[in-house]
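Reader: I would like to learn how to read a structure like this one, feature by feature. Could you walk me through it?

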Amino acid sequence: MKIKTVSAILFLAVVAGAILILQNNNGGEVMAAAETTTKVNSSKKVLVAYFSKAGEQYSVGTIKKGNTEIIAEMIAAKTGGDTFEIKVKNDKYPKAYKDLIDYAQTEKRKNERPEIAGKVNNFADYDIVFIGYPNWWGDMPMPVYTFLESYDFSGKTVIPFGTHEGSGLASSESRIKSITKAKEVNRGLGIYGHTAQNSKAEADKKVSDWLKNLGF
């Protein structure tokens with residue numbers, strides 16, 4: 001009886017393990033990879049690329065500097081990285097928040113790739129690329145897609161960060177991994193836009209703690 005009981009337990013353990021493997025192969029593997037936190041070599045050359053919008057924004061009113069830009073500047077200051085703002089050529093984004101999100105939703109629905117003004121001339125020289133953006137409709141703004149599809153990320157470490165008001169980075173980390181085919185997409189930082197804008201000391205500490213965990 002004891003032998004039969006032990007055999008049954010072992011059989012159930014094997015079945016459970018097989019189920020977990022099937023679940024991982026059915027989509028969990030990409031998400032797990034995107035959520036991995038791996039120590040980086042802080043002596044490497046760093047680029048902080050970001051898309052950010054000022055004007056009227058949710059929960060913070062009308063602002064002169066975008067929430068994501070504030071976080072990007074903190075990251076650049078703490079890592080010694082260069083910055084590149086992802087700006088749209090012939091920018092037609094509305095200043096009023098309701099009009100802005102409607103415009104962004106239309107871009108997303110049409111899967112548009114807005115043309116970017118300027119470029120990173122020495123992109124190949126960077127080993128680590130931080131990518132920053134606000135969460136628009138549970139996704140990256142479409143200009144960020146343009147940026148990601150415009151450069152060769154092979155051999156690079158990509159680290160996302162973003163501002164939001166409750167939805168975090170959504171599934172953008174796995175999308176970045178799929179688009180860039182980078183050597184590694186590290187675990188990103190999602191931070192409230194109102195924290196970035198109105199509680200800069202708190203935001204600064206969150207950024208510092210996150211970077212320290214990454215090896216900076």
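**Reading one helix and its surroundings**

Author: Let's start with packing: strand 2 (55–57) and helix 4 (142–148) are among what covers the buried residues of helix 3. Contact here means heavy atoms within 4.5 Å, and buried means under 20% relative accessible area, exposed over 50%, partly exposed in between (1.4 Å probe, protein chains only). Helices (H or I, at least four residues) and strands (E, at least two) are DSSP runs, numbered from the N terminus.

Author: A word on the source: this is a predicted model, where local features need pLDDT of at least 70 and side-chain atom pairs count only at pLDDT 80 or more, while totals for chains, interfaces and linings use all residues. Residues are numbered from 1 along each chain as its sequence is written, and side-chain values use heavy atoms, with hydrogens and water left out.

Reader: Which residues of helix 3 are buried?

Author: The general idea comes first: an α-helix has 3.6 residues a turn, so residues three or four places apart point the same way. In helix 3, the buried ones are Leu 100, Ala 104 and Glu 107. Viewed down the axis of helix 3, the buried residues fall within an arc of 55° (taken from the directions from the helix axis to the C-beta atoms), so they line one face of the helix. On the face turned away from that buried side sit the exposed residues Lys 98, Arg 109 and Lys 110.

Reader: What follows helix 3?

Author: Asn 111 does, with a positive phi near 55°.

Reader: How should I read a pocket, and which residues lie nearest the centre of the largest pocket?

Author: On a 1 Å grid over the protein atoms alone, a pocket is an open set of points where a 1.4 Å probe fits, with protein on both sides within 12 Å along at least five of seven lines; lining residues have an atom within 4 Å of a point. The largest pocket is lined by 19 residues, and Gln 57, Tyr 58, Tyr 97, Asn 135 and Trp 136 lie nearest its centre. Helix 2 (67–79), helix 3 and strand 8 (157–164) each give at least two residues to that lining.

Reader: Is Gly 188 buried or exposed?

Author: Gly 188 counts as buried, because its relative accessibility is 19%. You will find Gly 188 in the loop between strand 9 (184–185) and strand 10 (189–192). Leaving aside residues up to four places away in sequence, Gly 188 touches Pro 160, Leu 169, Glu 173 and Trp 210.
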